[in-house]
Every structure is written in C-alpha cells, then in structure tokens.
Amino acid sequence: MKAAAEWRVAVVGAGPAGLYATRHLLDQPELNFEVDVFERLPTPWGLVRAGVAPDRPEKKRIIERQFNLTLGDSRVQYFGNVEVGRDVRVAELQAWYDAVIYAVGASSDVRMGIPGEELPGCWAARQFVGWYNGHPDYSQLQFDLSCRRAVVVGNGNVALDVARILMQPLAALQSTDIAEHALVTLAASRIEEVVILGRRGHFQGAFHNPELEALAELPGVDVLVDADELPAANEVVMDGADWATRRKVRTLQQLAARPASGARKRIVLRFLTSPVEVLGADKVEQLLVVRNHLQHDARGRLQARPTEEESILDTGLVLRAIGYRSYPLSGLPFDERRGVIANLDGRVTEIPGAYVTGWSRRGSRGIIGNNKKCARDTVASLLADLQAGKLACATLTGKEVVNQLNNRAIDWVSYSDWLYLDRLECEAGCAQQRARAKLTSIEQMLSRLEERKAQLPKDY
Amino acid sequence: MAYVITAACVADSSCVDICPVDCIGPRPDDPAYDDTEQLYIDPAACIDCAACVDVCPVLAIYEAGALPLKWQHYAAINRQYFRESES
Ligand SMILES: Cc1cc2nc3c(=O)[nH]c(=O)nc-3n(C[C@H](O)[C@H](O)[C@H](O)COP(=O)(O)OP(=O)(O)OC[C@H]3O[C@@H](n4cnc5c(N)ncnc54)[C@H](O)[C@@H]3O)c2cc1C
Ligand code: SF4
Ligand code: SF4
C-alpha cells in the first residue's frame with residue numbers, strides 16, 4: 001500500500017451526496033485523501049441550490065454551516081463548469097485517480113406515457129423547478145401562466161412544492177432567492193386553481209407532513225380535499241398505517257372539514273385519479289383523467305386500476321411530478337429499470353475503482369441528509385477495496401489535472417471563483433432586499449469572472 | 001422541558017452522533033431512517049444538555065419553550081413519534 005497523503009479521489013457532482021462523500025474521505029483518521037470535485041455547473045450545491053424551494057431558506061443554511069467547510073477544505077480542489085462525459089471522459093478520470101465517486105444526481109424524470117404529452121404547456125415539474133430556481137439549463141424556458149387552472153400530476157414533495165410556489169402570494173417570494181425571471185412571470189400569473197392528482201389514495205401520498213401543512217397555511221388560498229373514500233375522523237381503518245401517514249390523513253380530514261372561505265385562489269387535492277390524455281389543438285387545453293380504484297396485485301401491494309369513470313379538466317398548464325431518474329453517463333453502465341447507475345453496494349458494476357452515491361445510486365429517494373448515510377456506505381466500499389489492494393494507482397497529481405484541463409481550453413471555475421460569484425449574488429440580492437439575486441446563465445457567470453480577471457494584477 | 005426537532009430538519013443525523021443519551025431517532029441504521037420525514041427527540045429521555053442545537057446544520061432544534069410560532073405543534077409531534085410509532 002501507498003504511504004500517507006497519497007490517495008487521490010475524484011468526486012463527480014457537487015451536490016449533497018458528492019460533498020458528504022468528500023467529507024467522509026477527509027475524516028478518515030488513518031488515511032490521507034486529496035479530493036478533486038468535478039461539477040458540470042459553475043455553481044456547487046446541486047439540488048440544494050436548484051431544487052429546494054426558495055421559500056425554504058432554513059434548509060439552505062446547510063451550505064454555510066456544512067458544505068462550505070467541505071468544499072473550502074485545503075485538501076479539496078473544485079473544478080466547476082467541467083462536465084464528465086463531455087469535457088473529461090469517464091475512462092480518463094478512472095486513469096487519473098485512485099478512485100472516482102459518481103454523485104451526479106437524477107437530472108432526468110419519468111414521463112406519463114400518455115398521448116398529447118408533447119403539447120406545449122405540458123412540462124416536467126423538474127423543468128419548472130429548475131426555472132424558478134435559476135438553473136442555467138432551464139432559465140430560458142417560457143412558462144405561460146395565463147390560464148386559470150394548472151394541473152400537477154403526482155403526489156410527492158415535488159408536486160406539493162410546485163403547487164405551493166404557483167399559489168404563494170408574491171410578497172412571500174419577493175425576499176427569497178427565487179430567480180428574477182420567475183418572479184416577473186409569477187407576478188403576472190392568472191392561475192387561480194391548482195389541481196394536484198394522486199394516482200392512489202389518501203394513505204399512499206408520498207408527500208411529507210410539512211409540505212401538506214404548508215399548503216394549508218397559504219394565505220388567501222382554500223385547500224379542497226376530495227373526500228371520497230377518505231375515512232371519517234373517528235374510523236379505525238388507520239390502524240395499519242404508519243405514524244407519519246396517520247398524521248397526514250388527520251390533516252387531510254381537517255382540511256376536508258374546513259369550510260371554504262371563498263378565496264379567489266384554491267388548491268384541489270384529488271386522489272385516485274390518473275391522467276389519460278392531454279388534449280388541445282396546438283397547446284394544452286384540457287386534461288382527460290380517469291378515476292382509479294385500489295386493488296392488491298399478485299405480490300399483495302396496493303395498485304391503482306382505472307375504472308370507466310372519465311372526466312375532463314380545462315387547463316393550460318400540466319406539470320408532471322411522478323419521479324426523477326438518473327441518466328446514462330457515457331462510459332458507465334446504467335440500470336434502466338431503476339433509473340440509476342448500475343451498482344452493487346455503491347460499487348459501479350464492471351468498473352473497478354468506480355463508485356456511486358446519492359440519487360444516482362438510490363434514485364430520487366430521501367432528503368438532503370439521507371445522502372450522508374448513503375455516502376458513508378459507498379465510502380466504506382471504497383475503503384474496503386483500498387485495504388484489499390484493489391485500487392489502481394492515480395497517474396496524475398493535482399497540478400497535472402489542472403494542466404490537462406487548461407490544455408483542453410476548459411473554462412473551469414475554481415472555489416475562489418465561486419466565492420466571487422457567490423459574493424456578487426449576495427451583494428446584488430442585498431441591494432434588492434432579497435436573500436440572493438442568482439446568476440442564471442453560464443455565460444453570465446463566466447463573463448463576470450472574466451471582468452474580475454481583467455481587474456486583477458497580471459501575475460495573480 | 002426537553003428539546004424539539006422542527007420541520008427544518010434535513011435528517012443528516014449530526015445530532016444523533018453527539019447526543020449523550022441516545023434519545024434521537026430514527027438513527028441512520030434503523031429501518032425507518034431512509035424514508036423518514038425528519039428526526040425526532042424523545043422528550044422522556046432528553047436531559048436538556050443542548051449539545052445537539054449547535055451541531056445542527058440547519059438550526060432545526062429548539063428548546064420546547066422557545067419554538068417559533070409556526071412550529072409550536074412540533075413538541076407534541078416529537079412526543080407522539082415515540083409514543084405512537086413504536087407502539
Ligand atoms: C424539487 C426538489 C425539492 C427538494 N426539496 C428538499 C427539501 O426541502 N429538503 C430536503 O432535505 N431535500 C429536498 N430535496 C431532496 C434533495 O435535494 C436530494 O436528496 C439531494 O439533492 C440529492 O443529492 P445528490 O447529490 O444525489 O444529487 P444532486 O443534488 O442532484 O447533485 C448532483 C450534482 O451533480 C452534477 N452533475 C450531474 N451530471 C454531472 C456530470 N456529468 N459531470 C459533473 N457534474 C455533474 C449536477 O449538476 C449536480 O450539481 C428536494 C429535491 C427536489 C428535486
Ligand atoms: S438536548 Fe442533549 S439530551 Fe436532549 S436531544 Fe439534544 S443532545 Fe440529546
Ligand atoms: S442535526 Fe439537525 S438537520 Fe441533522 S438530523 Fe439532527 S435535527 Fe435534523
């Protein structure tokens with residue numbers, strides 16, 4: 001085995017999973033690691049920046065209180081704006097480092113698979129979320145919010161997040177780090193009703209209690225719960241459900257009993273309903289839906305089965321929020337069924353020295369901190385292989401990696417560059433009395449860095 | 001009075017690692033952890049040492065008497081989690 005201070009690991013993706021993996025490596029008492037973090041965007045933090053809703057600022061405290069300490073560690077080198085698979089190939093990375101941990105998240109999603117899904121006005125919630133959070137891939141999208149009703153398909157936290165953002169009074173978003181373009185579009189929104197469709201019943205919603213309660217707390221918004229098949233408050237059918245589910249159903253019961261205030265805006269929670277077809281001549285005009293009933297499948301799991309009962313919702317905006325998937329990264333095996341990078345205990349199958357963690361390992365399951373355990377287990381697999389002498393030796397030093405990137409004329413963004421962009425965003429936000437004014441395109445970010453370079457002394 | 005974890009929690013389990021009396025759950029290796037909404041403090045076991053407060057990366061933990069208005073109900077929620085979910 002090698003002497004101390006010589007293990008060089010690349011982490012691909014600067015989201016929670018990649019940063020937790022980095023932290024676990026740095027915290028190894030007996031071994032000294034250097035970690036290079038590659039991120040395809042100039043900006044780090046993954047979905048904590050681009051997914052977590054702008055009206056949830058408390059969650060983003062994790063950046064200053066935890067992630068900054070990891071990315072700013074002297075043993076860590078940040079290569080932002082470098083996409084693995086495009087700027088650097090997987091095979092190259094595997095040769096350059098002792099080991100590589102892929103933590104590329106889940107940037108694709110599950111389609112509804114129904115006719116009309118391609119019509120303008122039908123989007124993935126992922127696109128809408130990326131847009132309001134200023135993710136460069138989605139900032140140019142144009143959402144038409146001129147219709148009266150929007151339909152959100154899905155019953156997870158993302159579905160409830162996008163419904164909440166659509167119905168949140170502007171005043172509650174103005175001081176946040178929401179993208180400027182989203183604020184402008186939402187200010188002109190004419191949407192008065194958001195219908196959230198759950199395929200299965202009240203007990204099967206995947207959303208969490210705080211997200212449900214947040215809907216109930218929206219000022220000036222009635223929340224209407226489709227109470228068909230919702231057990232009455234004193235029924236004992238809830239016995240088999242776990243505690244968090246019982247808590248959700250209690251909230252749904254309270255909402256169902258709450259008289260509508262007659263507010264102009266409302267959110268309608270419909271259960272046991274699936275989309276069948278998106279209708280419209282050249283854009284979304286209606287959504288045909290079907291009522292479901294629940295049936296046990298051969299393995300005893302509850303499945304939603306369509307009935308004959310169809311109905312039509314007039315709408316101009318359909319957002320599908322039925323799950324995120326990872327994407328096949330060229331050079332890595334992909335598990336099509338699970339939508340993740342193929343792996344066993346975090347070891348990428350058939351590629352020695354390659355590991356995977358986070359949503360690209362487990363699928364879109366779990367919140368920010370769950371990735372810490374996932375990264376711990378992946379790092380444990382890596383350490384076991386290292387102890388067993390199964391890792392090949394890194395061919396490049398940190399300096400040589402920098403040279404490789406420079407030779408390819410890649411405009412990579414360092415941690416100090418990022419701190420500069422971070423400061424610009426915070427200062428601009430401060431001037432507008434907002435938490436942050438995000439830079440929302442890569443060109444914008446790079447040109448700010450160019451301007452800074454021009455101001456610095458030549459030999460800096 | 002006991003300490004209380006609120007909805008701000010991101011389940012990173014820093015508090016579990018530091019709690020001297022192991023009264024926070026679900027722990028990362030418990031079956032309930034991977035799909036949990038958040039972690040909870042068992043008020044019957046908490047000794048009010050406040051060690052968890054500072055290590056929490058999102059400042060989700062409050063003394064029961066000092067809960068922000070919007071999270072007042074979390075004292076009962078933390079209690080119920082241990083009374084109702086493990087029964
Ligand atoms: C809309 C939404 C809201 C959420 N809200 C919350 C919340 O309120 N609280 C909570 O706890 N959790 C929330 N989550 C869950 C949380 O965001 C995830 O658990 C977590 O971000 C997953 O971490 P990850 O590192 O696996 O993936 P990600 O956070 O997606 O990070 C992956 C990173 O890899 C980068 N990358 C991808 N491909 C490449 C490549 N080829 N080369 C280099 N880099 C690459 C990406 O740009 C990204 O930065 C939310 C998720 C979503 C989708
Ligand atoms: S206050 Fe102390 S005893 Fe109570 S949960 Fe926090 S660390 Fe544990
Ligand atoms: S330290 Fe804070 S965020 Fe982490 S699990 Fe504990 S309460 Fe939740």
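How do the residues of the shell around ligand 1 divide into nonpolar, polar and charged? I counted 19 nonpolar, eight polar and five charged residues there. I note at the outset that the model is predicted.

**Entry 1: ligand 1**

I looked up the surroundings of ligand 1 and found 32 residues. The closest are A:Glu39, A:Leu47, A:Tyr327, A:Trp359 and A:Ile368. I then asked which chains contribute. Chains A and B both supply residues around ligand 1, so the site is shared between chains.

Next I listed polar approaches to the oxygen atoms of ligand 1. A:Glu39, already noted among the closest residues, places a polar side-chain atom 2.6 Å from an oxygen atom of the ligand. For A:Pro16, a polar backbone atom is 3.3 Å from an oxygen atom of ligand 1. For A:Gly366, I again found a polar backbone atom, here 3.1 Å from a ligand oxygen. I also checked coverage: of the 1,000 Å² of accessible area that ligand 1 has on its own, the protein covers 94%. In chain A, helix H1 (16-26), strand S2 (33-39), helix H2 (46-50) and helix H6 (157-167) each give two or more residues to the shell.

**Entry 2: ligand 2**

Around ligand 2 I found 13 residues. B:Cys19, B:Cys46, B:Cys49, B:Ala50 and B:Cys52 come nearest. By class, the shell holds 12 nonpolar residues, one charged residue and no polar residue.

**Entry 3: chain A against chain B**

I turned to the interface, where 27 residues of chain A are in contact with 31 residues of chain B. The buried area is about 2,400 Å², and carbon and sulfur atoms give 44% of it. On the side of chain A, A:Arg65, A:Trp243 and A:Lys373 supply 26% of the area buried against chain B, more than any other three residues.

How many salt bridges cross the interface of chain A and chain B? I recorded five. In one salt bridge, the side chains of A:Arg246 and B:Glu84 meet at 3.9 Å, N to O. I also recorded 20 residue pairs in polar contact between the two chains, with both residues at pLDDT 80 or more.

I then assigned the chain A side to its elements. Helix H3 (61-71), helix H9 (209-216), helix H10 (243-257) and helix H12 (370-387) each supply at least two residues of the side that touches chain B. The largest share, six residues, comes from H10(A). I classed the chain A residues of this side as eight nonpolar, six polar and 13 charged.

How values were computed
Residues numbered from 1 in each chain as written. Chains lettered and ligands numbered in written order. Predicted model: local features only at pLDDT ≥ 70, side-chain atom pairs only at ≥ 80, totals over all residues. Heavy atoms only, no water. Near = heavy atom within 4 Å. Polar contact = N/O pair within 3.5 Å; in protein donor to acceptor, adjacent residues only side chain to side chain. Areas by Shrake-Rupley, 256 points an atom, 1.4 Å probe, with all protein chains shown as cover. Helix = DSSP H or I, 4+ residues; strand = E, 2+ residues; numbered from the N terminus. Nonpolar A, V, L, I, M, F, W, Y, C, P; charged D, E, K, R; others polar. Contact = heavy atoms within 4.5 Å. Buried area = accessible area lost by both parts, 1.4 Å probe. Salt bridge = Lys/Arg side-chain N within 4 Å of Asp/Glu carboxyl O.
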